Amino acid sequence: MKQNSKLVLLLVLTYMLTACSNDSSPSNGQTNGQTNGQSISEKVEQKSTELSEAVTSASESVSELAESAVTPVIEQAKTSVEEMAEAATSVVADANQEMAPESSATVGSEPKEHIIKGVITQWQPLVTFAQPGDTIRFTGMTGHDTASMEGMIPAGATAWHSKLGQEGFTVTVDKEGGYVYKCTPHITTGMVGIIVVGDKNPANLADLEANAGNVKVGGNMVKRAIRKLKKQLAL
Ligand SMILES: [Cu+2]
């Protein structure tokens with residue numbers, strides 16, 4: 001834009017200089033004062049008219065240039081603002097969709113049921129996150145039992161021990177904190193799981209780690225489960 005107006009100004013100046021030099025050469029050569037005076041004033045008038053015309057057309061082309069330079073920029077800005085608004089709307093819509101079920105789970109008092117499945121000699125999932133009042137239902141129990149481990153549930157929580165192969169055995173978790181449980185026949189092959197109730201960082205995590213050292217059979221598998229929990233919590 002600035003360069004364009006400079007160019008136009010230069011053109012105007014060049015035009016003016018050319019006009020002046022054309023003007024002076026014939027007047028110097030003339031000797032008749034009257035005719036010379038008349039013709040000079042006529043020429044001056046003519047040149048000034050031409051100059052003002054040139055200035056007018058120059059200013060017109062400056063505004064045309066300005067318009068042509070600015071219009072696409074404005075158009076582009078308009079388009080990107082529209083695109084941004086659209087993108088923002090979809091982000092808000094996504095956020096609403098994502099938040100809706102979670103907020104109802106956290107705020108709403110409806111207890112949820114969580115399924116933990118015995119798969120070969122593992123619990124799936126290895127870590128379950130629940131809220132106080134939720135129920136835990138064990139399925140795929142053929143050849144397995146489920147038992148909370150001594151000293152590895154929150155203080156005041158009720159211990160459990162199902163029968164072997166008790167399909168659909170259900171536990172209601174009321175106390176917040178981490179619960180470590182096992183399958184008695186398969187603890188040594190890693191059939192240990194953890195349920196975290198309430199806050200995702202269980203308050204009794206240090207107790208769980210300390211008591212894992214006292215587990216005689218399958219202690220390494222209990223420590224492994226705690227390591228996996230910590231990994232999920234990015235601790
Ligand atoms: Cu088992």
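Modeller: A residue counts as buried if 20 or more other C-beta atoms lie within 10 Å of its own, exposed if 12 or fewer, and partly exposed in between. The model discussed here is predicted.

Biologist: Is Thr135 buried, exposed or partly exposed?

Modeller: Thr135 has 14 other C-beta atoms within 10 Å. Buried takes 20 or more such atoms and exposed takes 12 or fewer. The count for Thr135 lies in between, so the residue is partly exposed.

Biologist: How many Å apart are Thr135 and Pro111 in space?

Modeller: Thr135 lies in strand E4, residues 134–139. Pro111 is among the residues that Thr135 touches, together with Glu113, Thr170, Val171 and Thr172, residues up to four places away in sequence not being counted. In sequence Thr135 and Pro111 are 24 residues apart, and from C-alpha to C-alpha the distance is 7.2 Å.

Biologist: In what sense do E4 and E6 pair?

Modeller: Strand E6 spans 169–173, and Thr135 of E4 touches Thr170, Val171 and Thr172. Arg137 stands opposite Thr170 in E6. Strands of a sheet pair through backbone hydrogen bonds, either parallel or antiparallel. For E4 and E6 there are five bridges, and the sense is antiparallel.

Biologist: Which are the edge strands of the open sheet?

Modeller: The sheet holds four strands in the order E2-E1-E4-E6, with mixed pairing. An edge strand here pairs on one side only, which applies at 122–124 and at 169–173; these are E2 and E6.

Biologist: By what angle are neighbouring strands of this sheet turned against each other on average?

Modeller: The sheet in question is the open one with the order E2-E1-E4-E6. With direction ignored, the average turn between its neighbouring strands is 25°.

Biologist: Which peptide bond is cis?

Modeller: Pro125 lies in the loop between E2 and strand E3, the latter at 127–130. The bond leading into Pro125 has omega near 0°, and it is the one from Gln124 to Pro125.

Biologist: Is Ile120, a residue with positive phi, buried or exposed?

Modeller: Ile120 is not a glycine, yet its phi is about 55°. Ile120 sits in the loop between strand E1 (113–119) and E2. It has 11 other C-beta atoms within 10 Å, and 12 or fewer is the limit for exposed, so Ile120 is exposed.

Biologist: How many C-beta neighbours does Ala234 have inside 10 Å?

Modeller: Ala234 is in the segment after helix H4 (219–232). Its phi is positive, about 55°, although it is not a glycine. Ala234 counts as exposed, and its number of C-beta neighbours is 5.

Technical notes. Residues are numbered from 1 along each chain as its sequence is written. This is a predicted model: local features need pLDDT of at least 70, side-chain atom pairs count only at pLDDT 80 or more; totals for chains, interfaces and linings use all residues. Helices (H or I, at least four residues) and strands (E, at least two) are DSSP runs, numbered from the N terminus. Two residues are in contact if their C-beta atoms, placed from the backbone, lie within 7 Å. Two strands pair if DSSP finds at least two bridges between them. Axes are lines fitted to C-alpha atoms, for helices over the stretch in contact, and angles run from 0 to 180 degrees between N-to-C directions.
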